[in-house]
Amino acid sequence: MSWFSVFGRRRSVATKSNAPLLLSNALTGRKEIFTPNKAGIATLYSCGPTVYSKAQIGNLRAYIFSDTISRLLTQAGYRVRRVINITDVGHLVSDADEGEDKMQVGSKREGLSAEEIASKYTKVFIDDLSALNVDTNDVRFPKATEYIQEQIVLIQLLEQKGYTYKTSDGIYFDTSKFPGYGALDSHGAAHTREAAVADIGRRITANKEKHLPADFALWRFSPPGPARAQEWQSPWGRGFPGWHVECSAMARALLGQPVDIHTGGIDHIPVHHTNEIAQSEAAYGTPLARFWMHQAFLTINGEKVSKSLGNDIYLSDIIERGFHPLSLRYFFLQAHYSTSMSFTWDALKASDEALRRLWKLARDTRALSSERRTPSDASRRIMALLRDDLSTPQALALLWEVLRDDELTPAQQWDAVTVADEVFGLRLSNPPAAAAPQPLPEDIEEMVQERDQARNNRDFARADQLRIHMENRGYRVDDGPSGTVVTLERG
Ligand code: AMP
Ligand code: ZN
């Protein structure tokens, strides 16, 4: 499939809106009117996952966020060219260029090669996105390992222009040579560029050979001895790229520089995106991206959801508890992308119920309107909210109001549903059939059988243990006349 047939297949059929498309730009700290670099085409780059394990639901917030931007751009009439990179190189992924090689962690854990781990979890990731109604045919997912040459070229250019120095373990970017370093992080609370750079210095203390704490690895040398599982030949010997380099190289190679919009989580502002900007602009003399947009964190009990904190939840857990995967999308749309959100199973349950009610209303409206659409002020107001930096909570609330408003005709309501859903992506225009009861997961089925066996053997301690296991997984356990009966409690 060629480049251009991959991109921009989705077409908007929406009511036209004259409201300007405003997006918050972290680079300037302001909401700005979006215009693309090239007329009619909008390019969107989102920092993708390291595919050494499944993406947790906090990660998924990042891709629902970028999908919502993409849908909004499509509705505004742009052909969207969109990339989510797949990090399949075992970087030392920490702000300090230290830490574990995550691909090696995955390999050891599962006894598979780095390539096998990468391909397994890339598939899970793309399946998760599809379940969340991201049209993955519209997205390009390049692998970092297929762009090593482009990364080497970028580092060579920086070397030729005098932005690098060598230490015993690699080639580093000299941040003192890039005058705008840290500008992306200078618009937060009482921040200046100097304060942002000093913050990085306070957090990153390892590696005494670096000239400044904020300097970062462009290329790391393989340690002497046996070959690493993932390493490449380069002008600097065997080694592997630093983790910021791949995004700069792939964004340029696949979308051109500058990209219109570059997205990621707020955690990427002070280091990853700051470093992407420095190396791309130093090498090529033009900005890497025109708009930088970031989603805030998903938290649980006040802490960021993260695999390393052990509070990770996956889309598969949500589906296993009987919730529709799109209930997670609905849940995220209830908050503005720039505010942090607290996840609870009760909140997800409320989202799942609200979404099912909305599907029912949408189905009824479709039937009553016979799918005729009459544009109205209601549709235009929903679009204006979405065009105002993706005000999804207000737009969602307005859609509910519109569907309950007796003064509107079904055709006006159907138009509003269709318009809103082009951006929400909740399948309101084509709701799934009422969900059939889910079969029990295999391991729960096995626990039920083992518990019945234990009770027959009067091993009540084991039976109790199994009941607790199932309850912890969200099931209610009762003793029926013919044995254990489990029901999903949903949260
Ligand atoms: P990573 O694989 O850690 O680089 O994460 C991939 C994307 O998920 C990045 O945009 C992160 O900022 C984002 N991310 C990770 N954890 C969370 C979270 N708890 N809430 C929101 N975004 C997150
Ligand atoms: Zn990136």
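This report walks through the two largest pockets in a predicted model.

## The largest pocket: what sits at the centre

Let's start with the largest pocket, which has a volume of about 1000 Å³. Its lining is made up of 42 residues, and Asn59, Lys102, Asp267, His268 and Lys304 are the ones closest to the centre. If you want to find the spot in the structure, those five names will take you there.

## The largest pocket: who builds the wall

Several elements chip in at least two lining residues each: helices H2 (57–75), H4 (114–131), H7 (245–255) and H8 (269–284), plus strand E9 (259–265). The top contributor is H2, which puts 5 residues into the lining.

As for chemistry, the lining of this pocket splits into 17 nonpolar, 16 polar and 9 charged residues.

## The second largest pocket: what sits at the centre

Next up is the second largest pocket, with a volume of about 370 Å³. Here 18 residues form the lining, and the closest to the centre are Asn25, Ala26, Ile266, Ile269 and His294.

## The second largest pocket: who builds the wall

Strand E1 (22–25), helix H8 and strand E10 (289–295) each bring at least two residues to this lining. E10 gives the most, with 3 residues. Helix H8 is worth a second look, as it supplies at least two residues to the lining of the largest pocket and at least two to that of the second largest.

The lining of the second largest pocket breaks down into 9 nonpolar, 7 polar and 2 charged residues.

Terms used. Residues are numbered from 1 along each chain as its sequence is written. Chains are lettered from A and ligands numbered from 1 in the order in which they are written. This is a predicted model: local features need pLDDT of at least 70, side-chain atom pairs count only at pLDDT 80 or more; totals for chains, interfaces and linings use all residues. Side-chain values use heavy atoms; hydrogens and water are left out. On a 1 Å grid over the protein atoms alone, a cavity is a set of points where a 1.4 Å probe fits but cannot get out, and a pocket is an open set with protein on both sides within 12 Å along at least five of seven lines; lining residues have an atom within 4 Å of a point. Grid points are joined across faces, edges and corners, and a volume is the space filled by probe spheres set on the points. Helices (H or I, at least four residues) and strands (E, at least two) are DSSP runs, numbered from the N terminus. Ala, Val, Leu, Ile, Met, Phe, Trp, Tyr, Cys and Pro count as nonpolar, Asp, Glu, Lys and Arg as charged, and the others, Gly among them, as polar.
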